[in-house]
Amino acid sequence: MNSAQPLDVTPPDSDAALLERVEEIAAGPLAALAYRIDQEGHYPLEIIRALGEAGALDPHLADRGGHFDLAIAAMQRVSRHCGTTGFLMWTHQVCALYMAESGNPALTGERLEAHRRGERFGGTALSNPMKALSGIERMALRARPDGQGGYRVSGVLPWVSHIQKGQYCGALARVHDDQGGDQGEIMFMLDCDDDVELRPCPAFAGMEGSSTWGIRLEDYPVGTERLIADPAQPFVARIRAGFILLQAGMALGVAQGSLDSILEVEGQLGHVNQFLEQRPEALRAEMEDLEARAVRLAATPYDTSRDYLLDVLDLRTQGAEFALRASQSAMLHQGARGYALSAAAQRRLREAQFVAIVTPAIKHLRWEMDRLCREDWPEEAAS
């Protein structure tokens, strides 16, 4: 074994060419920028634009065949060289999913075309809503009907990535009537225009190039042209599994990059590294199993059954845990050279930690799996 190979989805020739182009971008200009992105806060829109030109931002959309496996494979190649850019790619892809599945002509027309080509940029603000809908925390944004078929939204979101002035993100708010009654949720496109206050976030341990901001809204207008779904819950139920499944590309890519770091020093340090517990052969076999599971699940991303969602949640959990173990192993294999701040192995350790805590975090995933299993096995039946 002399290299860690990327996920093989056995694509048609045109898709094989796409993956080759993604690899050229990732191993070339992106790899050269990885340190600046991680530590200096460089926001790599030029890379996202290049990925859009290559056709890597939309293979999961229905009009491209709905190839979630190809989207994951492309994200894996990017994350292998820079976890931050892999994360940005994921936020961009799920934002495209919101637009494409909205059925709103104002979002599915030229606006979607510019987004998928990497000419315009936007992410997702669903961290709080996903946790709120699972009962973990309260919904941060509140909407009230404006009497004209639209809404006014207020509230604060503390962490939203892949945004800046002139960009946008998919968001969700709970609707309350004039008497404070709960009327469900709406999902909408939040344009970061003059009605939106962007607040700087504290410096992170890494991932500084993700352009992450706090958002404050005060009577933000949501007209019909911005609506993604009303009501939102059926829409979220439909896209939730795909939203989570796409993140497998981040976990697999960071783990694959960690394998690269292990193999990089095998010639010099293999004689002593052989005594470490997590060796590349075992890690590679485990990664191949996760890859195969991702390909299988990617065939039916809109399956809303409980068993399918449990399989997706389990894959996402095991992928995050595997990325943590692989990055830790890379640090041990690299030794002191991997502990330098500029070392790829050190950066991947922090990238893997991010994969483990980004929504849905490992603890959120386990919470959700426990909830779903309790629905299937009530206490009365178990006793």
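**Entry 1: the largest pocket**

I began with the lining of the largest pocket and sorted its residues by class: 19 are nonpolar, 11 polar and 4 charged. The model is a predicted one. I then looked up the volume, and the largest pocket holds about 830 Å³ of space. Its lining takes in 34 residues, and I noted those nearest the centre as Trp-159, Phe-354, Ile-357, Val-358 and Thr-359. Next I asked which elements give two or more residues to this lining. They are α4, α7 (127-133), β3 (151-160), α14 (344-357) and α15 (362-376). I marked α14 as the element that gives the most, with 5 residues.

**Entry 2: the second largest pocket**

I put the volume of the second largest pocket down as about 230 Å³. Here 16 residues form the lining, and Met-130, Leu-133, Ser-134, Arg-240 and Glu-368 are the closest to the centre. I looked for elements that supply at least two lining residues and found α7, α8 (233-245) and α15. Which of them has the largest share? I found that α8 does, with 6 residues. By class, I listed 9 nonpolar, 4 polar and 3 charged residues in the lining of the second largest pocket. I also noted that α7 and α15 appear in the lists for both pockets, that of the largest and that of the second largest.

**Entry 3: the cavity**

I searched for enclosed space and found 1 cavity of 30 Å³ or more. I wrote its volume down as about 40 Å³. The residues I listed around the cavity are Ala-248, Ala-251, Leu-252, Leu-290, Leu-315, Arg-316 and Gly-319. Two elements, α9 (248-264) and α12 (306-334), give two or more residues each to this lining. Sorted by class, the cavity lining has 5 nonpolar residues, 1 polar and 1 charged.

**Entry 4: α3 against α9**

As α9 had come up at the cavity, I looked at its packing with α3. The axis of α3 (residues 68-81) comes within 7 Å of that of α9, and I noted a crossing angle of roughly 40°. With angles under 35 degrees counted as roughly parallel and 65 to 115 as roughly perpendicular, α3 and α9 are therefore oblique to each other. I recorded the crossing of α3 past α9 as right-handed.

From α3, the residues in the contact are Ile-72, Met-75, Gln-76, Ser-79 and Arg-80. On the α9 side I listed Ala-248, Gly-249, Met-250, Leu-252, Gly-253, Val-254, Gln-256, Gly-257 and Asp-260. By class, this contact comprises 6 nonpolar, 6 polar and 2 charged residues. I noted that Ala-248 and Leu-252 meet α3 as part of this contact and also line the cavity.

**Entry 5: α2 against α4**

I went on to α4, which had turned up in the lining of the largest pocket. The axes of α2 (residues 45-54) and α4 (residues 83-102) come within 11 Å, with a crossing at roughly 55°. I therefore entered α2 and α4 as oblique to each other. I read the handedness of α2 passing α4 as right-handed.

Which residues of α2 and α4 meet? From α2 I listed Ile-47, Ile-48 and Leu-51, and from α4 Thr-85, Leu-88, Met-89 and His-92. I counted 5 nonpolar and 2 polar residues in the contact of α2 with α4, and no charged ones.

Technical notes
Residues numbered from 1 in each chain as written. Predicted model: local features only at pLDDT ≥ 70, side-chain atom pairs only at ≥ 80, totals over all residues. Heavy atoms only, no water. Axes fitted to C-alpha atoms, helices over the stretch in contact; angles between N-to-C directions. Helix = DSSP H or I, 4+ residues; strand = E, 2+ residues; numbered from the N terminus. Parallel < 35°, antiparallel > 145°, perpendicular 65-115°, else oblique. Left-handed = near helix turned anticlockwise from the far one by under 90°. Contact = heavy atoms within 4.5 Å. Nonpolar A, V, L, I, M, F, W, Y, C, P; charged D, E, K, R; others polar. 1 Å grid on protein atoms, 1.4 Å probe; cavity = no way out; pocket = protein on both sides within 12 Å on 5 of 7 lines; lining within 4 Å. Points joined across faces, edges and corners; volume = space filled by probe spheres on them.
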